[in-house]
Amino acid sequence: MSALLWLLAAVPLTAGTALLLTGRRLDRPAPALGVAAAAATLGLAVASAVLRPEASAPLFAGIRAGLRVDGLSAVMTVVVAAVTLAVLVFSAGEKDRLSQGGRFHGLMLLFAGAMLITVTATTLPLLLMAWEVMGAASWALIGFWWRQPQRTRAADTAFLTTRTADLGLYLAAGAALAGGVTALDLDALAGARGPWVHLLTAGVVAAAFGKSAQLPFSFWLSRAMQAPSPVSALLHAATMAAAGAYLLLRLHALLEATAWGGPLVAWTGAATALLLGVAAAAQRDLKQLLAASTCSQIGFMVLAAGTGGVAAGTAQLTAHAAVKAGLFLAAGAWLYALGTKQLPALRGAARAWQWVGAAFTACALALAGLPPLSLWAAKDEVLAAAFAQSAALYATGLAAAAVSAVYSVKALWYVLRETPGDAWQGYDTEESGTRRVTPLMRPPLLVLAAAAVALGVLALPGVFSALRDAVGTPDEPSPSAWQLPLSAAVALSAAWLAWRIQGRGPGPRLLRPAAVRRWAAGWLGLEQAARTLAVRPVLALARATAVFDDRVVDGAVHRAARAALTAAGLARRSDDGGVDALVRAVARTARRLGRAARRPQTGLLHQYYAQAAVGFAVLTLLLLSLR
Amino acid sequence: MLELFLLLAAALFSVGLYGALSQQSIVMIMMGIELMIAGVITAAAALWHFLAPAAADGQVIVVAAVVAMAVEMAMGFAVTTAVFRSRDIDTADAAEDLKG
Amino acid sequence: MLTLVVFLPLAVCAGLLLWPRPVSDRVCTGVWIAAAAVDLALAAALWAGFDPDGGLQYEQRADWIPTAGVGYHVGVDGLSLPLLALTCVLFLAVAVYSLRETRRVRAYACLFLFLETVCLGLFSALDLILFFVYFDLSIVGMYFVIAGWGHGERGRAAALKFFLYTFIGSLALLLGFIGLYLAASPHTFDITELAAADPLAGRGAYAALVLLALGVGLAVKTPAVPFHTWLPPAHTEAPAAGSAILAGVLLKMGTYGFVRIAMPLLPGVWREYALAFIVVGAVSAVYGALVALGQTDVKRMIAYTSVNHMGYVVLAVGAAGVLSGTDDQARTLAVTGAVTQMVSHGLITGALFLLTGVLYERGRTYAVEAYSGLAGPAPRFAAAVAVAAFASLGIPGFSGFIAEFQIFTGSLAAQATATALAVTGILLTAALFLRALRQMFLGALRLPPGSPDGRFGDLAVPETTAVAPLLGLALVIGVLPRPLLDVIEPASRAVAGLVAR
Amino acid sequence: MTAALFAVLAVLAVTGAVLVFRCASMARATFALLASLVCVGGEVILLGLPYLGVVTVLMMVMEMVVMAVFMVAYMMNPAGLMPMSMVHNRRGALTISGVVFAGLAAGVLLAPWPGRVGTAPQDTTFQAGAALMGDQMLTMVTLGFALLATMVGATVLAVGRGRYDRFGDDLSRPRPDDPAGGGVGR
């Protein structure tokens, strides 16, 4: 049983490293190998979801590396494996653009393996290890076309931002150990003693927000769009971005352990959903729009985690994975064909390639939250959980849902129009388009679109209660009778309104004040803020400390050395001048005394007698006085 | 009485000393020394007579002093002869080779 | 057996030196590689026969200067065996790497063989004076390596500064040893007896002075922040092999000193001043990372990352001394983390310095701005440096993460703020490595004007065979840490126990 | 009566002593010295040591006669009668001897001299002889040797041409360089 779980993790990882290590030799067969490995992983995932195996191995002193597939993990593994397979099939289609296939598929498989470990890990160290490997894989994939500097810079930004947040997990691990959870078991984390539980929660929340691009850290997702489209589809839509939400869903018990954990997470989620929705609406680049929408949709999952709606969050996560992967793949297809992802230039793209257009439309409508489709159902469950918490949260969520409808319709409006005559000027602005969509690209799109629609079934109470039992939170609030139609109505009206406004002029501004639009378009100015508040001062501090180190600390050593030399000189001089002079003076006085001593030796006998007489007189006086 | 004898001895000794110190001629210096030893003899005899006549020590000192006087005179003349023969001088001042 | 392992290189060195007929370079290096390989095999045999829970093993004892209580006492336990193995691995890697060395190869080989004996001796020494003798000989050996094969005039100045600075440190160390010697009732320099006797138990001020002397001596060698300024020039001027050994093995002597001498022999006063060491460790970590971020010379940057990594070790060793609020598991974790960090830093930074050697050989400069887009002409070299860089900044799957995770988890309970501060170090390290990688390896190709033949050749065979095993080992430890941790944990539990008594 | 005799002899002795250095010529000085020492001899006899007194007087007479012959042999002026005063540092000598005299006088007058112990034997000469030949034998032997050494020394010093002139300082010359030939062994 446990072998199945080790195999689940090992297949993608070993395949990935093998592909990476072989370098250029396996470039030609790489796509096929990649797809095969992904298929095998999907099989294993489904098997493990059914069998729910468990395995663990000793890692550190008293801390084990445990893996277990429970309700939540089962759903997640299947989703990850499925999306990975779909994306790899799509990237097989895009073979000529991804020239170094070995490296690409290797990294994708490596990432998939890491994600699978993340969702099945039961102890914090193993989770942290997989968490970081995902970050590294994302860095390598974003900077895949490493010859272009802007892509590698984006990769660095993405990696460093997520790593900054990941520090939280390191601190969480330490806090857990200090708080008494010696085995660092995820389920037991809520039991940490005293003040450590706050640090633990803070760490986990920070890491989750960083990875899921929630409000303070959301700008890295916009930079991550430099990655090839399959990467965006897999990493930055379905799996990695959702990992943070998954972590919060997994540790919702911990969030409840502290008073401020739940509300903070909920409100951040809601705020991100709303603000990033607005940002999405203001984008002119299709992938940037989709990225911002990813942040806002994950905002919903975080909101669900904050309000205890684990099943709702899982539903939202699953649905969103399918929808957003589909949308990104569609965008990727068009980018491959037309060489651009600017919305004005993509006018009529859906008509040119019906299949891609149909899939894109389906997913976009689902994204908008229109009634029969998946996201509408999942979103309502999230809003129900939020409503149980506080009405304000429900209101913000509803507003965010409306905004999501707006930007989806905006994208649709552009794509569905007929291609204008002068459209070709907008083509090939970013890549050299091939003006065709390879056959391999079509199936994944269709599958994902079908999934996006099919998951609407979640709205049915039976299905949702089954999900609740699987996930293990049976008493979760389900959407009440009036909530479903209300959200449907809101979504429809928002969509119709957006279509009308969009339709009036060539590029009508959805947001009146220009300043707000520019602010929203620039992803709420978060990146500039991060750069000025964090990056620039740290770099300046680094240069300052470097100079300080060279001048002051090293200077001190050199000054000490010079002082020693001068002291030595001083000693030499004082030695010559002082002591030696003293010795010479003694010699001189001795010589003078010698000369003086010779003066009484005059050779004159009578003077000797005189001296003798005086001597004896003194002697006798001395003797007399002494007695 | 003893003090008088001792005063006499002191006087003789001092005059002898004055002579030895002031005279240049070697012979005159020897005469000075002779007088000093005579002072000593007087003192010895007086001390023997007034303090310890029972023992002969006083007399032995006098004998010694006399021998000393004799030796001094003999060596004095021998040295004067030798110096005179080699240097043709007879005054102490001229023989000042051992100067420092 | 242990003495054979320690003195085999010296024997070969003597043989090589005294060989009457002139020996060609290839033969010298061949002999050197053979000696290093045999020594590694012996070390592996030691490891195989080692019983993790057996405490001190392979002990050998003989009188050396009986009147002064100095004995030739060697032995190996969970702390020193990994470092012994690390030394053998590093010296073999350096030997293989030096196949491309051309300048005075015979002296070069002998010097490194001598250094190998000195390092092995130090890690197996169980007598303070024996420890001190090896401690000083290592400085002498490294001085000649830097001065002889360094880069020109600045090399000699850097070597002199290195020698004098660390020599003063060793004098302070000697003072500490003598303090210990005098405090022990039957005067002895033997570490095991001193550990058992705990001579400075109740003597507050005197013990503090001894700890200060030991602390300064070891801090200079570690290097901890105020005393670290000898390291960057020494590294920039040293030849690649010298740098690898200096960073890989010599820095460990300082940290090993903490774990072997300072903690077991001065438990009471170590607990009392543990906070000082925690602060020094945290400051070293952050300061080292910050200054590394501010560097423009890649080798100096890596040198400062060594200061950062050693800062973590000092932090962990300090945290092991705090009893309030921590339990035995946390302290054991900290000490195990410290020892693992020594091993992992040796492997990874050793590999990094060898790679910078490769860089210097082709580009004749360490300036980061001088290069760009090297991944084009030298993909394998770029891949190796990327792997080493990521291992160094603590990406899981490599030994760096295993060590740093244990250090942070173990130390947070002892001193939360300092550890939190130190954790930011790994972020700064990540930033500086990524910036360097992006600048040098990615983007459009641009070579420095000084590169000899105008193009940038990829890794040669000796270089690959030198670097690959080191990174491979780091990967193995990262993925399967248990074999190494099984050896270290009992010993670190013992040390933690000794400190807590 | 002895006190008067003592006083006379004392005065004569002192004036003789002073005269020795006051007279211009050597001869007069010698005879003044002789007079002074004869008075001293008399004093000694007065103190009950007739033998020693007479010995002193005899010795002094012999010395003075020898000195007279001596002066005739050496003194440049005939019979030493010419006025000759070779004096130097007179004031210094006077002060020193004055101080010495004052010191001695003070010593004599201030010292607490003890009383007489025992009485003089009848025959003091016998006492002296017994002492010299008895327990003072060592002094007698030393004085004897001293006198012998003086005799030999004085002769060697005074002799005109000794062995050293003839055979060289370290007696190494094979043939003595006598101005005139002949003599023992030639």
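**Exercise 1. The A–C contact**

Task: Work out how many residues chain A and chain C each bring to their contact, and which elements of chain A take part.

Solution. Start with the two sides. Chain A supplies 41 residues to the contact, and chain C supplies 43 residues. The model is a predicted one.

Next, list the elements of chain A that give two or more residues to the side touching chain C. They are strand 1 (54-60), helix 5 (124-142), helix 6 (149-178) and helix 23 (526-598).

Then find the largest share. Helix 6 of chain A provides it, with 16 residues.

Finally, sort this side of chain A by residue type. There are 26 nonpolar, seven polar and eight charged residues.

**Exercise 2. Contacts between chains**

Task: Decide which pair of chains shares the most contacts, and how far chain C lies from chain B and from chain D.

Solution. Four pairs of chains are in contact, and chains B and D share the most contacts among them.

Now turn to chain C. Chain B and chain C do not touch; 60 Å separates their nearest C-alpha atoms. Chain C and chain D do not touch either, with 64 Å between their nearest C-alpha atoms.

**Exercise 3. Helix 13 of chain A**

Task: Check the span of helix 13 (residues 286-306) of chain A against its residue count. Is the helix mostly covered or mostly uncovered?

Solution. Take the count of 21 residues. The expected span is 1.5 Å times one less than that number. The helix should therefore span 30 Å, and its end C-alpha atoms are 30 Å apart, so the two agree.

Next, check burial. A residue is buried if 20 or more other C-beta atoms lie within 10 Å of its own. Of the 21 residues of helix 13 of chain A, 21 are buried, so the helix is mostly covered.

Last, look past its end. Just after helix 13 of chain A, Gly308(A) has a positive phi of about 85°.

**Exercise 4. Nonpolar cores**

Task: Identify the residues that touch the most other members of the largest nonpolar core.

Solution. This core has 452 residues, and Ala325(A) and Cys363(A) touch the most other members. Helix 14 (residues 310-338) of chain A gives the most to the core, 21 residues.

Follow Cys363(A) outward. Leaving aside residues up to four places away in sequence, Cys363(A) touches Val323(A), Gly326(A), Leu327(A), Leu448(A), Ala449(A) and Ala452(A).

Another core lies apart, with 78 residues that include Ala10(B), Val27(B), Leu47(B) and Val38(D).

**Exercise 5. Domains of chain D**

Task: Give the domain bounds of chain D and the distance between the domain centres.

Solution. Chain D divides into domain 1 (1-85) and domain 2 (125-174). The C-alpha centres of these domains of chain D are 26 Å apart.

Key. Residues numbered from 1 in each chain as written. Chains lettered and ligands numbered in written order. Predicted model: local features only at pLDDT ≥ 70, side-chain atom pairs only at ≥ 80, totals over all residues. Helix = DSSP H or I, 4+ residues; strand = E, 2+ residues; numbered from the N terminus. Buried ≥ 20, exposed ≤ 12 C-beta atoms within 10 Å, placed from the backbone. Contact = placed C-beta atoms within 7 Å. Nonpolar A, V, L, I, M, F, W, Y, C, P; charged D, E, K, R; others polar. Domains from an automatic or database assignment. Core = buried A, V, L, I, M, F, W, Y, C linked by C-beta atoms within 7 Å.
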